[in-house]
Amino acid sequence: MTKSKQQQNFLSESFLSERCSLISNVVAGRWFTRIGSTCVICLLSACAANTITLSGTFPSPLVRKLPLTVGVYYPDELKNYSFIEFDDNTGKDQYIIQSGTSQVELFNTLLPALFQNVVMLETLDNVQSNTTLDAVFVPAIEEFQLGLPSKTRLNVYEIWVKYNMRLSSANGDYIADWVMTAYGKAPEETFKSVDSGVQDAATVAMRDLAASFTIGFSGIPEVNEWLKSNDYLTE
Amino acid sequence: MNNKKTENFYGLVLLLITISLSACTTTEIDEFRQGATNISSDEKIVILGRRQNNNYETEGSFVDCVAGIVSSGSDGIQVIAEQDFLDAMFPFFEPRTAPMRTSHLQELMRLEVAAQKIEEFGVEYIVWLDGFTERSDGGGSMSCVIGPGGGGCFGFGTWTDDSNFEAEVWDLDTLNSVGSISTDANGQSYMPAVVIPIPLLARVEANACNGLGNQLKQFIKGS
């Protein structure tokens with residue numbers, strides 16, 4: 001091999017090796033960036049609380065409607081209700097359960113099945129001027145508890161909710177104010193995510209509330225007295 | 001030649017061990033009849049799981065499994081899907097409101113809306129399934145290692161599964177219980193691991209489901 005050919009070969013080898021190294025650097029760089037960004041995402045997600053937005057559809061109760069026109073007002077606290085479960089070790093937010101939408105969905109299904117007419121109220125101001133209303137109903141959540149298998153050592157997800165229900169006449173006079181509790185549980189299963197376990201338990205809890213409310217509404221002593229005194233009870 | 005014979009021998013031994021180990025399930029079924037039963041081809045039944053207990057609830061998958069057995073085959077009975085029935089009858093069959101005794105069912109059927117809905121469904125019998133599968137007697141130990149060159153497990157694990165379920169049948173014509181069938185299945189599962197864990201599972205709940213489903217089908221048909 002002549003010197004010039006050797007040099008040419010050397011040059012081309014060196015050029016190839018440079019290109020290869022450049023390509024490998026670019027590829028390695030991309031991989032490094034990808035791995036790096038994945039690590040950052042993982043680290044960030046480890047710090048961030050997991051938000052679970054509860055949803056669900058609920059069956060309409062099979063009952064005879066009460067001949068009432070009821071105004072319903074959902075306070076902002078109910079519409080935007082969220083519960084934060086804290087991590088026992090770090091004290092930071094672990095899960096944020098957003099339940100407001102599903103609560104509104106539940107009452108929107110439940111109340112029209114229970115009362116002849118339901119009027120949604122945007123505000124409680126000037127309700128007195130609405131003479132068509134027989135009563136005004138305001139639901140609220142007082143307490144919310146979440147039981148995770150990782151914390152309770154039980155193989156179920158549990159949700160317990162304490163509600164406050166308020167019924168008043170259109171002019172604001174007190175009719176009844178009572179507390180209701182709802183409980184739901186869902187078994188822990190292999191490959192079942194926490195989101196899905198919490199969602200299932202919440203659905204059971206909200207169905208539990210709807211069932212108790214439907215069956216028990218007319219039986220609340222103050223409500224029963226008011227219904228009887230106004231001849232609203234048909235049977 | 002000798003090597004091949006030895007390989008075949010060990011293969012056969014391994015196969016026999018596998019078969020003998022994975023077949024360790026016993027199922028016992030008891031039937032108690034209180035009244036006559038019969039069902040025509042246009043009548044239906046519904047199978048519901050009991051979920052009012054604090055410490056356990058009848059799994060939906062077990063209810064689906066029994067419903068599948070009862071409705072399968074040429075002699076199958078029409079079974080209404082549990083969730084469809086619960087939604088249509090809401091709120092009367094929820095964990096907190098479901099009738100626990102036939103006297104509660106009689107009270108429920110006095111409600112016109114409930115009785116009418118049951119009639120629309122064409123339900124002749126309600127079957128209540130109650131029970132659970134318990135895992136116990138876990139033993140052995142297994143350790144798994146993973147490294148850059150690969151991974152593997154070594155050890156041996158064993159456990160016992162015990163399924164206890166009872167099916168109570170309510171007749172919606174007489175509004176009384178016509179009998180019950182109980183099943184008790186148990187079996188031991190093994191998990192030897194030499195590099196790869198080999199699960200030799202006793203199909204306890206599946207056997208309980210098969211046994212209970214087939215017996216229930218015969219019971220309702222009155223044969």
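The following dialogue considers a sheet, a helix pair and a chain contact in a predicted model.

Student: How are the strands of the open sheet in chain A ordered?

Tutor: In general, strands of a sheet pair through backbone hydrogen bonds, either parallel or antiparallel. In chain A, five strands form an open sheet with mixed pairing, in the order E5-E2-E6-E7-E8.

Student: Which strands of chain A stand at the edges?

Tutor: These are E5 (115–121) and E8 (174–187) of chain A; each has a single partner strand, so one side of each lacks a neighbour in the sheet. On average, neighbouring strands are turned by 30° against each other, direction ignored.

Student: How many bridges join E2 to E6 in chain A?

Tutor: Three bridges link E2 (residues 66–73) with E6 (residues 135–147) of chain A, and the two strands run parallel. Phe137(A) in E6(A) is the bridge partner of Val72(A).

Student: Which strands of the sheet does helix H3 of chain A touch?

Tutor: Helix H3 (residues 100–114) of chain A packs on the sheet and touches E2, E5 and E6 of chain A.

Student: At what angle do helices H2 and H6 of chain B pack?

Tutor: Angles from 35 to 65 degrees count as oblique. H2 (residues 60–71) and H6 (residues 204–221) of chain B pack at about 45°, with axes 8 Å apart; they are therefore oblique to each other. The crossing is right-handed. The residues of this contact comprise eight nonpolar, three polar and two charged.

Student: How many residues of chain B are in contact with chain A?

Tutor: On the side of chain B, 14 residues are in contact with 13 residues of chain A. Helix H5 (residues 112–121) of chain B gives the largest share of that side, three residues.

Notes: Residues are numbered from 1 along each chain as its sequence is written. Chains are lettered from A and ligands numbered from 1 in the order in which they are written. This is a predicted model: local features need pLDDT of at least 70, side-chain atom pairs count only at pLDDT 80 or more; totals for chains, interfaces and linings use all residues. Axes are lines fitted to C-alpha atoms, for helices over the stretch in contact, and angles run from 0 to 180 degrees between N-to-C directions. Helices (H or I, at least four residues) and strands (E, at least two) are DSSP runs, numbered from the N terminus. Angles under 35 degrees count as roughly parallel, over 145 as roughly antiparallel, 65 to 115 as roughly perpendicular and the rest as oblique. A crossing is left-handed if the near helix is turned anticlockwise from the far one by less than a right angle, and right-handed if clockwise. Ala, Val, Leu, Ile, Met, Phe, Trp, Tyr, Cys and Pro count as nonpolar, Asp, Glu, Lys and Arg as charged, and the others, Gly among them, as polar. Two residues are in contact if their C-beta atoms, placed from the backbone, lie within 7 Å. Two strands pair if DSSP finds at least two bridges between them.
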